[in-house]
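Here is a short briefing to read with the structure open beside you. It goes topic by topic, so feel free to jump to the part you need.

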Amino acid sequence: MLARLSIRDIVLIERLDIEFSRGLAVLTGETGAGKSILLDAFALALGGRGDADLVRHGAEQGQVTATFDVPKGHPATKILSENGLDDTGEMILRRVQLADGRTRAFINDQSISVQTLKAFGAALVEIHGQHDERALVDASTHRQLLDAFAGLEKEVAALETLWEARRTANQALDEHRASMERAAREADYLRHAADELKALKPKDGEETALAERRTTMMQGEKIASDLREAQEAVGGHNSPVPALAAAVRRLERRAANSPALVEPAVKAIDIAINALEEADQHLSAALVAADFDPAELERIEERLFALRAASRKYSTPVDGLAALAAKFVSDVALIDAGADRLKKLEAAAAEADQRYGAAAAKLSAARSKSAEKLNKAVNAELAPLKLERAKFMTQVDTDAKLPGPQGIDRVEFWVQTNPGTKPGPLMKVASGGELSRFLLALKVVLSDRGSAPTLVFDEIDTGVGGAVADAIGARLSRLAGQVQVMAVTHAPQVAARANQHLLISKDALDKGKRVATRVNALAADHRREEIARMLAGAEITAEARAAAERLLRAAT
């Protein structure tokens, strides 16, 4: 429910803070006092269209803040979670209107888009008036209201699940059929390509490995002769090792006579011999590594040529040939074995269609049955509202050829305003005053289901009086037992039934140079005086005060 409404610098309102309670709150005041301004400001906080003209003259911006107490599990809390916002149990909707026409939207002091704010507003408040575009006249909402009245929300949710399963099954069937058709058109090409790549047997990374091996072999061929020549010099016939070894033996025989002269030389020659022998070993190993079979090089080059030719032919990197081969094999298998899978998918889709169709037909029957009950309940409310010759009817058009997530029904509220006239859609047939009363009757019937927690009725009693105005007040009061109700009214019979009475007035400021709208909560004598004014007009008489007192006593 709406707990507080704060308005700053909107048209004639400089600063206004209103506390609201449960039940029925009425807003009264003379024409032009600012009741419409108050509702326009409230609508702005709920995501309504912004307008630079709403900003009070001389101010840079206007601001409206609406604070709601929201029970857990309310649909608005789902919108919070969907937008990553915290649920504190209290929702503060704030809209800033700048003088240049731009607006900013916030919830719980977190910036949001205007569309998100509008979604919150629609979940929290419904505003109904004679010509209000926000009134409940959109045919797309009528199915939801009928389902809420009938308590069919679980059935609708189950049908949405079946619809999704049906959609998934048919999508899988369509994709498989498209794949089979595509494969069939390319059957000969696919079989040839699959056989060719199957024979080639490409492997991931094969091109790189072959190219590296080929490079190593070609480089080895170039340096092999140099390696052999070096080995011949180090360890072949021309090797100095034998001569050095003989020299060492001769020196060792002389070492006993002159060890100081001989041993350093022997030691150095030994090191040289060891180094030459180590070099010979390295050269031998290098020759072994550089040695290759020319036939192997030829095979490698032929393999690289075949892989790269296939890469060009199929416009695929060599490393992608293995995956392409697997795809071709899969496509060929689809042609060969796709018929069996097609039958299974067709059976699954048919079963999903059947399950959805059966559930949709059952839901449609329940809606038709509930529509009769809704018609009876709403029509019972019409006579006291001076619509005794009118008739409300819920039109349920069923077409199994036009299925949807919520079923096969199109639901729209129709009315017949007089016997013998042609029934038609509620919005098109009913006049402004009639529309308001039809909506009131509908909301009374739907008060405990399918309703926002706060309802606003803008002058729905226009053009009526006496017993009809009293009937409207009685129904607003009944409605306020289920949800919070706010009503802008000129009918004293409605005002007398209020739990909270707010008087809208216009005060002169700065010695009459400007005016500002004020809101005062009335109680006791002040409330009786305002109802007397509504009864009598400009001059309040004793008879008007007595009549106001009788209305208040009757209402309580």
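Where is Val11 found? Val11 sits in the loop between S1 and strand S2 (13-19). Please keep in mind that this is a predicted model. The protein has 17 helices and 15 strands, and the points below start with its overall form before moving to single residues.

**Overall form**

- The protein has a radius of gyration of 46 Å, whereas a compact globule of 556 residues would have one near 24 Å.
- Along the principal axes, the C-alpha trace spans about 155 × 70 × 35 Å.
- Of the 556 residues in the protein, 44% are buried.
- Among contacts with a separation of 6 or more, 69% are between residues 24 or more positions apart.

**Backbone angles around the start of the chain**

- Most residues other than glycine have a negative phi.
- Val11 goes against that tendency, with a positive phi near 50 degrees.
- Is Val11 buried, exposed or partly exposed? Val11 counts as partly exposed because its relative accessibility is 28%, which falls between the 20% limit for buried and the 50% limit for exposed.
- Asp9 is another residue that is not a glycine and has a positive phi, here of about 55 degrees.
- Asp9 belongs to strand S1 (residues 2-10).

**The sheet S9-S10-S11**

- Three strands make up an open sheet in the order S9-S10-S11, with antiparallel pairing.
- Strand S9 (391-398) and strand S11 (424-425) are the edge strands, and each of them pairs on one side only.
- How many bridges link S9 and S10? S9 and strand S10 (residues 409-416) are paired in the antiparallel sense over eight bridges.
- Two helices lie across S9 and S10: helix H4 (residues 142-150) runs at about 90 degrees to S10, and helix H11 (residues 321-382) runs at about 170 degrees to S9.

**Thr394, a residue to look at in that sheet**

- Thr394 is part of strand S9 and stands opposite Phe413 in S10.
- Thr394 has 9% relative accessibility and therefore counts as buried, the cut-off being under 20%.
- Which side chain makes a polar contact with that of Thr394? The partner is Asn375, at 2.8 Å.
- Leaving out residues up to four places away in sequence, Thr394 touches Leu146, Ala371, Leu374, Asn375, Val411, Glu412 and Phe413.
- Leu146 falls within the range of helix H4 (residues 142-150), while Ala371, Leu374 and Asn375 fall within that of helix H11 (residues 321-382).

**Asp353, also in helix H11**

- Asp353 lies in helix H11 and, at 30% relative accessibility, counts as partly exposed.
- Asp353 touches Arg166 and Asn170, not counting residues up to four places away in sequence.
- With Asn170, the side chain of Asp353 makes a polar contact of 3.3 Å.
- Leu162 is 191 residues from Asp353 in sequence, yet their C-alpha atoms are 8.6 Å apart in space.

**Nonpolar cores**

- In soluble globular proteins, nonpolar side chains tend to be buried together.
- The largest nonpolar core here has 51 residues, of which Leu374, Phe392, Phe438, Leu440, Phe457 and Leu476 touch the most other members.
- Which helix gives the most to this core? Helix H13 (residues 432-445) does, with eight residues.
- Leu476 is in contact with Leu24, Leu440, Phe457, Ile460, Val485, Ala487 and Val494, leaving aside neighbours within four places in sequence.
- There is a second, separate core of 46 residues, and its members include Ile37, Ala45, Phe120 and Leu502.

**The hairpin S14-S15**

- Strand S14 (residues 500-509) and strand S15 (residues 514-522) pair in the antiparallel sense over nine bridges.
- Within this pair, Leu503 stands opposite Asn520 in S15.
- How many residues lie between S14 and S15 in the hairpin? There are four residues between them, and in the turn Asp510 has a positive phi of about 50 degrees.

Technical notes:
Residues are numbered from 1 along each chain as its sequence is written. This is a predicted model: local features need pLDDT of at least 70, side-chain atom pairs count only at pLDDT 80 or more; totals for chains, interfaces and linings use all residues. Side-chain values use heavy atoms; hydrogens and water are left out. Two strands pair if DSSP finds at least two bridges between them. Contact means heavy atoms within 4.5 Å. Axes are lines fitted to C-alpha atoms, for helices over the stretch in contact, and angles run from 0 to 180 degrees between N-to-C directions. Buried means under 20% relative accessible area, exposed over 50%, partly exposed in between (1.4 Å probe, protein chains only). A polar contact is a pair of N or O atoms within 3.5 Å; within protein, one must be able to donate a hydrogen and the other to accept it, and residues adjacent in sequence count only if both atoms are side-chain atoms. A nonpolar core is a set of buried Ala, Val, Leu, Ile, Met, Phe, Trp, Tyr and Cys residues joined through side-chain atoms within 4.5 Å. The radius of gyration is taken over C-alpha atoms; the globule rule is 2.2 Å times the number of residues to the power 0.38.
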